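The following exercises ask you to work through a structure step by step, each with a task and then a solution. Please look at the sequence and the coordinates before reading on.

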Amino acid sequence: MPASATERNATGFQQPPAPITLEGYGVRLTPMQPEHAEALESAATDGELWKLNVTSAPAPGQAAQYIALALEGLKAGHMLPFVVEETDSGDIIGTTRYHDIIPSVARLEIGYTWYARRWQRTHVNTACKLLLLQHAFQTLGAGVVGWRTDILNLASQNAIERLGARKDGVIRHHALRRDGTVRDTVMYSLLADEWPGVQKHLQQRLAADN
């Protein structure tokens, strides 16, 4: 009897996650670099995103450090950060990344995602997730993709659930917020065997938006 996609990927990725440009559906995901600091800071200014406890957007003057920490994660092998560009204008409008990459079980998570306010509640998030999921499952051979979010971030939870991910549970007293309070974290996942149905759903959503 053929092994399931999850079983096939239980011992590692088909190829290791590495910097790559992903493009389609009106967005381009480009490997994050130090020279993106000014553009990311400008994007975060649209909506003053650093004032929200539930986002990771850098405050004014902190974008260079934000990028440096992301690139340290890349060097250590557990992160793969991208900047998000709007294809027509070439403007950098936000960022996202793979993180908590665990090669031994072909697992990674998608997170550290934020967009300038004018691009929120548009096609952008669906487009970015579709590109990241396609690459994770169809190129890297991931067995599972995960997400995590603050229990107070209902908008993020709704967005993740609209993608088709399954709620795994809540880790209580899990991580610090910007204001020093401790958050509970809601965990989600999508298995490789579930991906084909989710892919069709996301493609239909983008087609409807156009």
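**Exercise 1.** Determine whether glutamate 85 is buried or exposed, and describe the surroundings of its side chain.

Solution. Glutamate 85 has a relative accessible area of 12% and is therefore buried, where buried means under 20% relative accessible area, exposed over 50% and partly exposed in between, with a 1.4 Å probe and protein chains only. This is a predicted model, in which local features need pLDDT of at least 70 and side-chain atom pairs count only at pLDDT 80 or more, while totals for chains, interfaces and linings use all residues. Residues are numbered from 1 along each chain as its sequence is written, and side-chain values use heavy atoms, with hydrogens and water left out.

Next, take the polar contacts, which are pairs of N or O atoms within 3.5 Å; within protein, one must be able to donate a hydrogen and the other to accept it, and residues adjacent in sequence count only if both atoms are side-chain atoms. The side chain of glutamate 85 makes one such contact of 2.8 Å with the side chain of arginine 28, and another of 3.0 Å with that of threonine 30. Leaving aside residues up to four places away in sequence, the residues that glutamate 85 touches (heavy atoms within 4.5 Å) include Gly26, Val27, Gly90 and Asp91.

**Exercise 2.** Place glutamate 85 in its strand, and find which residue of strand 4 is its bridge partner.

Solution. Glutamate 85 belongs to strand 3, residues 79-86; strands (E, at least two residues) and helices (H or I, at least four) are DSSP runs numbered from the N terminus. Strand 3 pairs with strand 4 in the antiparallel sense over 7 bridges, pairing being assigned if DSSP finds at least two bridges between two strands. The bridge partner in strand 4 is isoleucine 92. The two strands form a hairpin with 5 residues between them, and in its turn glycine 90 has a positive phi of about 80 degrees.

**Exercise 3.** Follow strand 4 onward, and explain why it is described as largely enclosed by the rest of the structure.

Solution. Strand 4 covers residues 92-102, and 9 of its 11 residues are buried, so the rest of the structure largely encloses it. Strand 4 also runs antiparallel to strand 5 (residues 107-115), to which 6 bridges join it; histidine 99, for instance, has glutamate 109 of strand 5 as its bridge partner. In the hairpin of strand 4 and strand 5, with 4 residues between the strands, alanine 106 adopts a positive phi near 55 degrees.
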